[in-house]
Every structure is written in C-alpha cells, then in structure tokens.
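Please go through the structure below together with its sequence. The text after it moves from the overall fold to single helices, and then to single residues.

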Amino acid sequence: MSPHQTIAVGVRLFAIWLAIYVARLLPSYYQEAAKANDSTFTAVIVVGTVLTVLFILLLWFFPKSVARGSLDTENVIPGGSPSPDMWLAVGCALIGIWLIVPAITSLIYELSVLYEAQRNPALDTTSFRISWIYYVAEIAFGVWLLLGARGVRKLFWWARGAGQ
C-alpha cells in the first residue's frame, strides 16, 4: 500500500468517526435549540450541521485529494507491504485511542460537576459513581488495546482459522 493510500484510508476513517460524533451530538443540539426558542441559535445549529455533513461527504468521496495535498507526489518511496499482524496492531491502537479520549473527557466533566456540587448542593450527583466505574473500565480497556492487546490478536487468528 502506498503512503497516499494509507492517508486516504485514514481520511475515510476520520470521516466515519466525525459522522458518528455528529450523529451522537445532534439530538442534544436540537434539544438545546428547542429550549432556547431562539431562531438565530437554531439557524446556527442548522448551518453548522449542514457544513459539517458537507465536510464529511467531501472527505468520504475525495480522500485521495486530501492525501495528494498533504504528501509530496514527486518523492514518494513505496514501502513494503505490512503484515496482517501490523495492521491488527494499528487497528487495536486506534480503537484504544477512540475509547480513551471520550471516557477521559466524560470523567473530567463529571469531576467538574462534582466540584460545582460542593458549592451548590441542589445538584444531583447520585448516578456519577456508577458511571465512574464504566469510564475507568473503558479507559483500562482502551489502554490495553493501545499498548498491544496480544490476546486480541490470538483471538482474531483463532477465530479466523476455527472454521477450517
């Protein structure tokens, strides 16, 4: 696989991630717009969503254009073909990062709400302790995937050859 193809795959993966992220946040944006009852706020959300969807479509349909724009086309040295174990390790590391980042941000958010709850006792923080267990487990699993995940590789190769 050439460096341009590798970057094109990365661009498409980013487009998928961005689409999932926008789809997950869109209901809360809609809810906030409905609460605010402000047409300017609603228009900003609609325009922002449309621009983001157009950007996602651009990344999805033209990933090689992004790759050509980010790499020098004259001095490309084709590398050797990486092994399937290498691709699995890279995939596990990416999934690990994908798990770690939102869990850490959610944990930081909940810690800030707990800090604010010390000043305002009316805030309900009873469900936070249960979600902390979830976030810590998600961070631990993400770190495990990020740092190697030999067990995942063994399980993958076992499952691939189990039917033969």
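What follows describes the fold, the helices, the largest pocket and a few residues in turn.

The model is predicted. The protein contains six helices and zero strands, and along the sequence the order of elements reads α-α-α-α-α-α. Of its 164 residues, 18% are buried. If contacts are restricted to residues at least 6 apart in sequence, 75% of them join residues at least 24 apart.

Helix H2 covers residues 39–61, which is 23 residues. From the first C-alpha of H2 to the last the distance is 33 Å, close to the expected 33 Å at 1.5 Å a residue. Which residues of H2 are buried? They are Ile 45, Thr 49, Ile 56 and Leu 59. The packing partners of the buried residues in H2 are helix H1, residues 3–36, and helix H3, residues 63–70.

A contact of another kind involves Trp 60: the charged end of Arg 12 sits over the ring of Trp 60, at 4.5 Å from the ring centre. Aromatic rings also pair with each other in this model, and the structure holds four such pairs. Phe 14, Trp 17 and Tyr 21 belong to one aromatic cluster. For any such pair, the description consists of the distance between the ring centres and the angle between the planes.

Helix H4 runs over residues 84–119. Its 36 residues should span 52 Å at 1.5 Å a residue, and the end C-alpha atoms of H4 lie 54 Å apart, so the span agrees with the expected value. The buried residues of H4 are Leu 88, Cys 92, Gly 96, Ile 100, Ala 103, Leu 107, Glu 110, Val 113 and Ala 117. The charged residue Glu 110 is thus listed as buried in H4.

The largest pocket comes next. It encloses about 770 Å³ of space. The pocket is lined by 25 residues, and those closest to its centre are Trp 17, Leu 94, Ile 95, Ile 97 and Trp 98. Trp 17 therefore appears twice in this account, here and in the aromatic cluster. Which helix gives the most to the lining of the largest pocket? H4 does, with 12 residues. At least two lining residues each come from H1, H4 and helix H5, the last of these covering residues 128–146.

Three residues are now taken one at a time. Ala 103 lies in helix H4. Is Ala 103 buried or exposed? Its relative accessibility is 0%, so Ala 103 counts as buried, the cut-off being under 20%. Leaving aside neighbours within four places in sequence, Ala 103 is in contact with Tyr 135, Glu 138 and Ile 139. Ala 103 and Tyr 135 are separated by 32 residues in sequence, while their C-alpha atoms are 5.2 Å apart in space.

Gly 91 is also part of helix H4. With a relative accessible area of 24%, Gly 91 is partly exposed, because this value falls between the limits of 20% and 50%. In sequence, Gly 91 and Leu 146 are 55 residues apart; from C-alpha to C-alpha, the distance between Gly 91 and Leu 146 is 9.1 Å.

Trp 157 is found in helix H6, residues 150–161. The relative accessible area of Trp 157 is 32%, so this residue too is partly exposed. Beyond its neighbours within four places in sequence, Trp 157 is in contact with Pro 84, Asp 85 and Leu 88. Leu 88 is one of the buried residues of H4. Between Trp 157 and Asp 85 there are 9.4 Å in space, C-alpha to C-alpha, and the two are 72 residues apart in sequence.

How values were computed
Residues numbered from 1 in each chain as written. Predicted model: local features only at pLDDT ≥ 70, side-chain atom pairs only at ≥ 80, totals over all residues. Heavy atoms only, no water. Helix = DSSP H or I, 4+ residues; strand = E, 2+ residues; numbered from the N terminus. Expected span 1.5 Å × (residues − 1). Buried < 20%, exposed > 50% of the residue type's maximum accessible area, 1.4 Å probe, protein only. Contact = heavy atoms within 4.5 Å. Phe/Tyr/Trp six-rings, centres within 6.5 Å; stacked < 30°, edge-to-face > 60°. Lys NZ or Arg CZ within 6 Å of the ring centre and 35° of its normal. 1 Å grid on protein atoms, 1.4 Å probe; cavity = no way out; pocket = protein on both sides within 12 Å on 5 of 7 lines; lining within 4 Å. Points joined across faces, edges and corners; volume = space filled by probe spheres on them.
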